[in-house]
Amino acid sequence: KATVSVLNWQTRSRDTMRRAGQAVFVRGRACSSLANEVRVEEIGEMKRVVLNRPKALNSLNLNMVRIIQKNYDAWLEQGKGFVVMTGAGGKAFCAGGDVVAVMKEEAGGPLRRDFFLEEYKLNYTIKTYPLPHIAILDGIVMGGGVGLSVHGSHRIVTEKTMFAMPETGIGLFPDVGGSIFLPRMPHRGLGMYLALTGHRLKGADCLHAVVGTNFVKSENIEALEKDLMNTTQAKVDAVIKAHEVPANEIPEFSLQPHLERIAKTFTLGSLDDIMQDLTRESDNDEWAQKTLKQLSKSSPTSLKITHEQITRGAHQTPHENLQMEARMVYGCMNYSNDFNEGIRALLIDKDLKPQWNPATLDEVTPELVKKFFEPRPDREFSAEKAAHL
């Protein structure tokens, strides 16, 4: 029997719920539009989370982060079962964080102050979650949606999945734990390539890059979810495997012809070296031309700090990764206007003509890049704070 929750955390205390023998999370009223942004239900051992902003492609806002975090904390106390997260509307799992709302708030406002830290806390929770965490990525998954899925134990991709980390194009960087998974992709240089260019991976490509762990046909997702509703934590892997596309039917990696070039170029020691290598090859190499064109659209500052982020991230723990990203996002909010300009140009005015400042890679000094990685004692991310934020 399903227990539906549109969370209203002020209704009752957890202790009251425990004494009543009910679920630890709170059943609330289905009347608030904010509450409806995440639908939560327990069906047997399955804890189902539905991101429910389909008109906004389920983009993630602070209210949603807090609802999900409270449920995950409660389920952790229960200590059994498994999580299944999906997106409503049939088009997207989650197309990213609601960066327009963040951009529109005045500098120093509570949303700019709290959104990223609390989002990173949730990313850390998922990365360290002891229960199986199954994200069904049957559609668009970008930015913040990647942070809700890629750190979990199971990521189900379909032929409709479209993955990207396009943050350098909006004056940001691939955050939400991008420095955790991108440097650890199975092909050399691939994570750096995806981080800098924002290149999109579709369908089975996500499996080859290990963004996904299992490939299931979109038409079989409904049956998979139904079977998960009727299974136990111990049988999750077997249920998913029963719906997987056989390995010999999975399409080849679309980037396979370019992996050698990616490994050669995107493992070079600096962004300048990468750009020079691509420029040398561009006269006779269509792929190099296309890659340079992708990079030319991005914020020079974002490109420089992203290269540093992915380079450092390969040698860090998940806690250190997210601590670094918390420092970087502070820099994006305070040391540069490129985030505001990128959101304006791509998502608000949509003129697609951002005026980056500095305007060129040569103008982005090592001193500026260094500032993005300096500690912020008043706004540091830490594992201890993440557990109690």
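Begin by selecting Tyr72, Trp75 and Tyr129, which form one aromatic cluster in this predicted model. Two members of the cluster, tyrosine 72 and tryptophan 75, belong to helix α2, which covers residues 62-78. They stand three residues apart there, about one turn of the helix. Both tyrosine 72 and tryptophan 75 are buried.

A search of the whole structure yields eleven aromatic pairs. In the pair of tyrosine 72 and tryptophan 75, the ring centres are 5.8 Å apart and the planes meet at 35 degrees, so the pair is tilted. Next, select phenylalanine 163 and phenylalanine 181, whose ring centres are 6.5 Å apart with planes at 75 degrees, so this pair is edge-to-face. Phenylalanine 163 is in strand β9 (residues 162-164) and phenylalanine 181 is in helix α6 (residues 178-181), so the pair ties together parts that are 18 residues apart in sequence. Both phenylalanine 163 and phenylalanine 181 are buried.

Aromatic rings also take part in two further arrangements to display. Select arginine 312 with phenylalanine 373: the charged end of arginine 312 sits over the ring of phenylalanine 373, 4.3 Å from the ring centre. Then select lysine 371 with tyrosine 335, where the charged end of lysine 371 sits over the ring of tyrosine 335, 4.3 Å from the centre of that ring.

Proceed to the largest pocket, which has a volume of about 1000 Å³. Its lining comprises 36 residues, and those closest to the pocket centre are Met142, Pro166, Ile170, Arg200 and Leu346. Colouring the lining by class shows 17 nonpolar, twelve polar and seven charged residues. Helices α3, α4 (110-127), α13 (286-296) and α16 each supply at least two residues of this lining. Helix α4 gives the most, with three residues.

Helix α16 merits a separate selection, at residues 338-348. Its buried residues are Asp338, Phe339, Glu341, Gly342, Ile343, Arg344 and Ala345. To see what covers these buried residues, add the surrounding helices, including α3 (99-104), α14 (300-313) and α15 (318-334).

Now follow the chain beyond α16. Just after this helix, lysine 350 has a positive phi of about 60 degrees. Leucine 352, in the loop between α16 and α17, also has a positive phi of about 60 degrees although it is not a glycine. Leucine 352 is exposed, with a relative accessible area of 61%. Further inspection of the loop between α16 and α17 (366-371) brings the viewer to proline 358. The peptide bond leading from asparagine 357 to proline 358 is cis, with omega near 5 degrees.

For another backbone feature, select valine 210, in the loop between α8 (205-208) and β11 (214-215). Valine 210 is not a glycine, yet its phi is positive, at about 65 degrees. The residue is partly exposed, with a relative accessible area of 40%.

The final stop is methionine 192, in helix α7 (residues 190-197). Is methionine 192 buried or exposed? Methionine 192 is buried: its relative accessible area is 8%, which falls under the 20% limit for that term. Apart from residues up to four places away in sequence, methionine 192 touches Phe266, His307, Ile310 and Thr311. Finally, add isoleucine 262, which is 70 residues from methionine 192 along the chain. The C-alpha atoms of methionine 192 and isoleucine 262 are separated by 8.9 Å.

Key: Residues numbered from 1 in each chain as written. Predicted model: local features only at pLDDT ≥ 70, side-chain atom pairs only at ≥ 80, totals over all residues. Heavy atoms only, no water. Buried < 20%, exposed > 50% of the residue type's maximum accessible area, 1.4 Å probe, protein only. Helix = DSSP H or I, 4+ residues; strand = E, 2+ residues; numbered from the N terminus. Contact = heavy atoms within 4.5 Å. 1 Å grid on protein atoms, 1.4 Å probe; cavity = no way out; pocket = protein on both sides within 12 Å on 5 of 7 lines; lining within 4 Å. Points joined across faces, edges and corners; volume = space filled by probe spheres on them. Nonpolar A, V, L, I, M, F, W, Y, C, P; charged D, E, K, R; others polar. Phe/Tyr/Trp six-rings, centres within 6.5 Å; stacked < 30°, edge-to-face > 60°. Lys NZ or Arg CZ within 6 Å of the ring centre and 35° of its normal.
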